[in-house]
Amino acid sequence: MRKWLTVSVLIYFLYGLFVYWYIYMGADSALPTQFQGSSADPNTFMNSRELELSGEYSSLRDFLYFVTAPFEWFIFFVILVIGFSKKIQQWSEGISRFFVIQTAVYVFWLSFIVALCAFPIEWLRYKISLSYHITTQTFTGWMKDQIIDFWVNYAFMILIVAVLYGLIRKFSGKWWLFAWILSIPFSLFLMFIQPVLIDPLYNDFTPLKNKELETKILAIAEKADIPAEHVFEVNMSEKTNALNAYVTGIGDNSRIVLWDTTLNKLSEDEILFIMAHEMGHYVMKHIYIGIAGYLVLTLIGLYLINRLMNFTIRRFGHILNITEKQQLASLPLFLMLLGMLTFASDPFSNIISRHQEKDADLYAIEMTENPEAAVNTFQELTKAGLSQVNPPGLVKIFRYSHPTILERITYLEEWGSKNPDK
């Protein structure tokens, strides 16, 4: 056991050194010469202090992302190797003979231990964001959200784990296929209830107070054949200085939502461009394409997890204190493999997402015909979030679900040059 823990710590340490070297010494985020002095050049719309803070904050955020991504996997590995997962299973079996109750007990203690180990990292993220004035939330408010997160995730985990391991016990060879079939209605159900049940746990949603702006937004929605009767605003200024807007939900529960920070910091034309962008996703069915892509990845992921769990337990079960995948004690292994596969698939998901975001940008510019407002919007988004205009390659590949600001401003300006009368 000591040997495996030592090796895993050494690998994690070497990985951390590589990440530090890449982010702070090896990566190149300089703006290409041909774009210097253009609207995409941060020197043209950010002051020296904003430029300095942007570089510092982006580097810190990217470093933390890559270093902490494997941390949860490491926690699960340790829980398995030291036999704690097996011990939790024994506790849960001693409390009740009913599998659902055993699952609830096991999932609670596993979730609690993981949350406790991850808390210092989450707190560090919060403090960094607070120090750079991205986050405005009080510690009390932040802790409230952390607690809500824990209990919401715990409630869903009980259901998911109970069904998942029920399937594994009943259909050892094909459980992954039945789990995938059940994930389809479950995913759609979550998307349906999120706007009305889950999101309001974290923020207050109210009808947009600016009725003149609402009328203009709904006019764009009508042109896009979006069945919306109201626009909602959410009190995000209590938590952040960042800007955002979105269309969420499916069917009758669809909602057009604006952060109040966006309302406070952007002009009307800029807000209309953002809303047209979000509506572009709806018009081009990106939400359904996203669901389909998610389901395909889920099918592949569950199949691979089944194969990998079989191999790992057969080859290393004695080290991980697991004898069969039907045991609740194997859940950390399942979650560790899920995290690894999700991380490995992020670059592919991001490629599709960036393509969709570009299409939505172009839809919005066609709808509003205001390239100046569009460019100003991305400049303001960069300033508010202290974002990098041209992030390092690996950062873009793993982290950017949207095109870079350099790319977005460039192709919007190209549209403007091709349509000079707009």
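1. A contact here means heavy atoms within 4.5 Å of each other. With that in mind, start at Leu 31, in the loop between helix 1 and helix 2 (48-68). Setting aside neighbours within four places in sequence, Leu 31 is in contact with Gln 36, Ala 40, Asp 41, Pro 42, Val 389, Asn 390 and Leu 406. At a relative accessible area of 15%, Leu 31 is buried, because the cut-off for that word is under 20%. If you want a sense of scale, the C-alpha atoms of Leu 31 and Phe 150 are separated by 41 Å, with those positions 119 residues apart along the chain. Do keep in mind throughout that this is a predicted model.

2. Now the sheet. Its four strands run in the order 1-2-4-3; the sheet is open and the pairing is mixed. Strand 1 and strand 3 (245-248) are the edges, each pairing on one side only. On average, neighbouring strands in this sheet are turned by 30° against each other, ignoring direction. Helix 10 (residues 268-283) packs on the sheet and touches strand 3 and strand 4, and its direction makes about 25° with that of strand 3.

3. Strand 2 is a good place to see the mixed pairing at work. With strand 1 (residues 205-207), strand 2 pairs in the antiparallel sense over three bridges. Pro 207 has Phe 232 as its bridge partner in strand 2, and Phe 205 has Val 234. With strand 4 (residues 255-259), strand 2 pairs in the parallel sense, this time over four bridges. Phe 232 turns up again here, with Val 257 as its bridge partner in strand 4.

4. Which way do the residues of strand 2 (residues 231-234) point? Val 231 and Glu 233 go one way, Phe 232 and Val 234 go the other, and all are buried. Note that this includes Glu 233.

5. On to the cores. The largest nonpolar core has 55 residues, and the members that touch the most others are Phe 66, Leu 110, Tyr 165, Trp 175, Leu 331, Leu 333 and Phe 334. Take Leu 333: not counting residues up to four places away in sequence, Leu 333 touches Leu 80, Met 309, Thr 312, Ile 313, Leu 320 and Ile 322. Apart from the largest core lies another one, of 40 residues, with Ile 256, Leu 266, Ile 271 and Ile 365 among them. As background, nonpolar side chains tend to be buried together in soluble globular proteins.

6. The second largest pocket holds about 550 Å³ of space. It is lined by 18 residues, and those closest to its centre are Ser 8, Ile 11, Phe 77, Met 336 and Met 340. Helix 1 (2-26), helix 3 (71-81), helix 11 (286-320) and helix 12 (331-368) each give two or more residues to the lining. Which of these elements gives the most? That is helix 1, with six residues.

7. Helix 12 also carries Gln 356. Is Gln 356 buried or exposed? It counts as buried, because its relative accessibility is 13%. Leaving out residues up to four places away in sequence, Gln 356 touches His 281, His 286 and Ile 289.

8. Leu 182 sits in helix 7 (residues 175-198). It counts as partly exposed, since its relative accessibility is 44%. Beyond residues up to four places away in sequence, Leu 182 touches Val 163 and Leu 167. The C-alpha atoms of Leu 182 and Leu 304 are separated by 17 Å, and the two residues are 122 residues apart along the chain.

9. Last, two backbone oddities to look at. His 133 has a positive phi of about 60° although it is not a glycine. You'll find His 133 in the loop between helix 5 (99-131) and helix 6 (139-170), and at 56% relative accessibility it counts as exposed. The other is Glu 369, not a glycine either, with a positive phi near 55°. Glu 369 lies in the loop between helix 12 and helix 13 (371-385), and counts as partly exposed at 40% relative accessibility.

Technical notes:
Residues are numbered from 1 along each chain as its sequence is written. This is a predicted model: local features need pLDDT of at least 70, side-chain atom pairs count only at pLDDT 80 or more; totals for chains, interfaces and linings use all residues. Side-chain values use heavy atoms; hydrogens and water are left out. Buried means under 20% relative accessible area, exposed over 50%, partly exposed in between (1.4 Å probe, protein chains only). Two strands pair if DSSP finds at least two bridges between them. Axes are lines fitted to C-alpha atoms, for helices over the stretch in contact, and angles run from 0 to 180 degrees between N-to-C directions. A nonpolar core is a set of buried Ala, Val, Leu, Ile, Met, Phe, Trp, Tyr and Cys residues joined through side-chain atoms within 4.5 Å. On a 1 Å grid over the protein atoms alone, a cavity is a set of points where a 1.4 Å probe fits but cannot get out, and a pocket is an open set with protein on both sides within 12 Å along at least five of seven lines; lining residues have an atom within 4 Å of a point. Grid points are joined across faces, edges and corners, and a volume is the space filled by probe spheres set on the points.
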